[in-house]
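This report goes through one chain, starting from a single helix and ending with the overall dimensions. The sequence and the coordinates are shown first.

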Amino acid sequence: MQSTAPFLRIGTRGSPLALAQAHTVRGRLAAAHGVVEETIEIVVIRTSGDRIQDRPLSEVGGKGLFTKEIEEALLDRRIDLAVHSSKDMPTVLPDGLALSAFLPREDVRDAFLSVRYASFDALPEGAVLGTSSLRRKAMALRLRPDLEVVEFRGNVETRLKKLADGVADGTLLAMAGLNRLGLTAHVREPLDTGRFLPAAGQGAVVIETRADDARSLGLVGAIDDAETTLCLLAERAFLGRLDGSCRTPIGGLALRDGERLTFRGTVLSPDGRASCETVQDGPISEPTALGLAAAEALLAAGAATLMPG
Ligand SMILES: NCc1[nH]cc(CCC(=O)O)c1CC(=O)O
């Protein structure tokens, strides 16, 4: 049988969430360019982050762990595109790579999940909250200093299993991931962004390509969402100025309102006792400047004193 080169090769991690996102991108690209889905190959790549499951992510070196091997495959031309959760992307990319398109953003909120308790506020005194996110831990403790927070690593399904097994009384997960996996039945309450500011990039799927790959850039441009791109430019500039790693509890969210972008950002101490917050707005033509201005406002308000040295 004669083999033909695939139309495109998409690299992705092998977790159910990553695969769901890669399949969504494949479906949209196939529809936009009138090719059958089978001509777009999905290449599963195991990353360091997938291998290291026994230690908190913040200790083993943070976000780049989930992208390194996929980015190497891009640079080696073994794949044409990489699909990621924006939230997991470092703010600085390897030379030669670029974030080239964002899908329309999903629900940006965190959700509260529990077997027994109907809402976050209904958790009893001293209840156990499972999360491996420094941001979620700090935000939960800010509202409820009495809670006991335990480490909850693994993919979304693993965390739901731990919850069902009674390892914790409740957990917090992104609505976006639960929606993409069809697991919203477990959600007790989506948390208002005024109380739980999401991570920069939460809810947005991004496509990374080689910066000079004109063909792939053109193809993914057809499925790019302009509003999500604007918001993510602001959020990534904000995060990059403050701390690209995941060792500091940081929340940041840009929203479009007509010709303006509004930005809310916060930095917390790990125990949630101290925090600073800023709200800024600017024209949609200057998303990066807005993110940087929000970061500068937090630094001026003492955000650096909340961060680990
Ligand atoms: N760090 C894991 C991760 N990366 C992206 C999402 C959710 C999907 C998204 O934000 O787009 C999740 C799971 C979670 O935080 O619940």
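## Helix α9

Helix α9 covers residues 226–242, 17 residues in total, and spans 25 Å between its first and last C-alpha atoms. The expected value at 1.5 Å a residue is 24 Å, and the span is close to it. The model is a predicted one.

Most of α9 is covered, with 12 of its 17 residues buried. The buried set consists of Thr-228, Leu-230, Cys-231, Leu-232, Leu-233, Ala-234, Glu-235, Arg-236, Ala-237, Phe-238, Leu-239 and Leu-242. Glu-235 and Arg-236 are thus among the buried residues of this helix. The cover over the buried residues includes the strands β4 (97–102), β11 (250–257) and β12 (260–268), together with helix α10 (287–300).

## Leu-242

Leu-242 belongs to helix α9. Leu-242 has 25 C-beta neighbours inside 10 Å; the threshold for burial is 20 or more, so the residue counts as buried.

Which residues does Leu-242 contact, apart from its neighbours within four places in sequence? They are Ile-250, Val-267, Ala-295, Leu-298 and Ala-303. In addition, the C-alpha atom of Leu-242 is 9.8 Å from that of Ala-294, a residue 52 positions away along the chain.

## Domains

The chain is split into three parts: domain 1 (1–103 + 204–224), domain 2 (110–190) and domain 3 (225–309). Domain 1 is therefore made of two segments, as its bounds are assigned.

Between the C-alpha centres of domain 2 and domain 3 the distance is 24 Å. Seven residues of domain 2 and 12 residues of domain 3 take part in the contact. On the domain 2 side, the residues touching domain 3 comprise five nonpolar and two charged, with no polar ones.

## Ligand shell

Where does the ligand lie relative to domain 1 and domain 2? Both domain 1 (1–103 + 204–224) and domain 2 (110–190) contribute residues to the shell around the ligand, so the ligand sits between them.

The surrounding residues are Ser-85, Lys-87, Asp-88, Val-156, Leu-173, Ala-174, Ala-176, Gly-177, Gln-202 and Gly-203. By class the shell holds four nonpolar, four polar and two charged residues. Strand β8 (170–174) and helix α7 (175–181) each provide at least two residues of the shell.

## Arg-77

Arg-77 lies in the loop that runs between α4 (68–75) and β3 (81–85). Is this residue buried or exposed? Arg-77 has 10 C-beta neighbours inside 10 Å, and 12 or fewer is the limit for exposure, so the residue counts as exposed.

The phi angle of Arg-77 is near 65°, a positive value in a residue that is not glycine. Most residues other than glycine have a negative phi.

## The chain as a whole

The chain contains 10 helices and 13 strands. Its radius of gyration is 19 Å, close to the 19 Å given by the globule rule for 309 residues, so the chain is as compact as a globular protein of that length. Along the principal axes, the C-alpha atoms fill a box of roughly 65 × 45 × 35 Å.

Of the 309 residues in the chain, 44% are buried. Among contacts with a separation of 6 or more, 72% join residues 24 or more positions apart.

Conventions:
Residues numbered from 1 in each chain as written. Predicted model: local features only at pLDDT ≥ 70, side-chain atom pairs only at ≥ 80, totals over all residues. Contact = placed C-beta atoms within 7 Å. Nonpolar A, V, L, I, M, F, W, Y, C, P; charged D, E, K, R; others polar. Near = placed C-beta within 6 Å. Helix = DSSP H or I, 4+ residues; strand = E, 2+ residues; numbered from the N terminus. Expected span 1.5 Å × (residues − 1). Rg over C-alpha atoms; globule rule 2.2 N^0.38 Å.
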